[in-house]
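Biologist: Hello! Please choose a single part of this model and take me through it slowly, starting from the whole chain.

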Amino acid sequence: MGAIFRREMKAYFTSPVAYIFISVFFFYTGTFFVSINIYNAISDLSYVFIYVFLIMMIMLPILTMRLFAEERRQKTDQCLLTAPVSLFSIVFAKFAAALCVFLCAMSIFAFYLLALSAMGANIAWSIVWGSLIALLLLGGCFISIGVFVSSLTENQIVSAIVSIIAGFLFYMMDVMAGSLDSLINSNRNFAALKAVMTSLGLYTRYAEFSSGILNLESVVFFLSFIFVFIFLTVRVLEKRRWG
């Protein structure tokens, strides 16, 4: 697993992908930090954390689109699948590499906190730590979706687009569930659908963390979400290995 992880990290940083992702992430969060916190003299970073999901949803699929799609396109996936290592280790190594690049991008928040501290701001650390944990977990969810989608196709563009759409649907699912209220009044069957959509949505759970509410149930949900998509990716590769 270590060899695959190092290989993926090398691939990220010997190509423009990691640098573009980190640069765009820095620019996007920096714009919000300056316009909201510096310009208005606000120490609360929760606004930055709430809006940063937009760049994550669009940019994280760029990190994941090549992970398996490129292997499949170049016909190197068979060498990978026949390697003396478990499929779970292969998938997790690729997932961990993408997550590490995301962690590099998240390091910019240390600078923002130092800047606020230098200005004598009163930082709400519960909100900061809760938001950082939520950001990492939400990023892990988007990455796990992207890894799974990448295993289904050899076209990187298709992988990126489908990952963005799937990430958006899961992120906003609990919000979209609210639109079913009018239908529930006419057909009670929609109540069950609303309950399922609400339970699978990521937005409300992420917003909780961004407000400083550290909910253990939500942590378990995020980790379970990541595990499910890693498991589904393993199943796809397993079918291809023996297919």
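**A close look at helix H2**

Modeller: Of the 243 residues in the protein chain, 49% are buried, where buried means under 20% relative accessible area, exposed means over 50%, and partly exposed lies in between (1.4 Å probe, protein chains only). Residues are numbered from 1 along each chain as its sequence is written, and side-chain values use heavy atoms, with hydrogens and water left out. This is a predicted model, in which local features need pLDDT of at least 70, side-chain atom pairs count only at pLDDT 80 or more, and totals for chains, interfaces and linings use all residues.

Let's set the scene. The chain has 14 helices and zero strands, taken as DSSP runs numbered from the N terminus (helices are H or I with at least four residues, strands are E with at least two). Read from the N terminus, the order of elements is α-α-α-α-α-α-α-α-α-α-α-α-α-α. Among the contacts (heavy atoms within 4.5 Å) with a separation of 6 or more, 77% join residues 24 or more positions apart.

Now to our chosen part. Helix H2 covers residues 16-38, which makes 23 residues. The expected span is 1.5 Å times one less than the number of residues, so for H2 that comes to 33 Å, and the 31 Å between its end C-alpha atoms agrees.

Which residues of H2 are buried? Near the start of the list come Val 17, Ala 18, Phe 21, Ile 22 and Phe 25. Tyr 28, Thr 29, Gly 30, Phe 33, Ile 36 and Asn 37 are buried as well. A general rule helps when you read such a list: an α-helix has 3.6 residues a turn, so residues three or four places apart point the same way.

What do these buried residues pack against? Their partners are H1, helix H3 (46-51), helix H4 (53-64), H7 and helix H8 (108-118).

Next, a look at the cysteines elsewhere in the chain. The structure holds zero disulfides, a disulfide being a pair of cysteine sulfur atoms within 2.5 Å. The sulfur of Cys 100 has its closest cysteine sulfur in Cys 104, but the 6.9 Å between them is too far for a bond. Cys 100 is partly exposed, at 26% relative accessibility, whereas Cys 141 is buried, with a relative accessible area of 0%.

To return to H2, keep two points in mind: Phe 21 and Phe 25 are among its buried residues, and H7 is one of the helices that its buried residues pack against.
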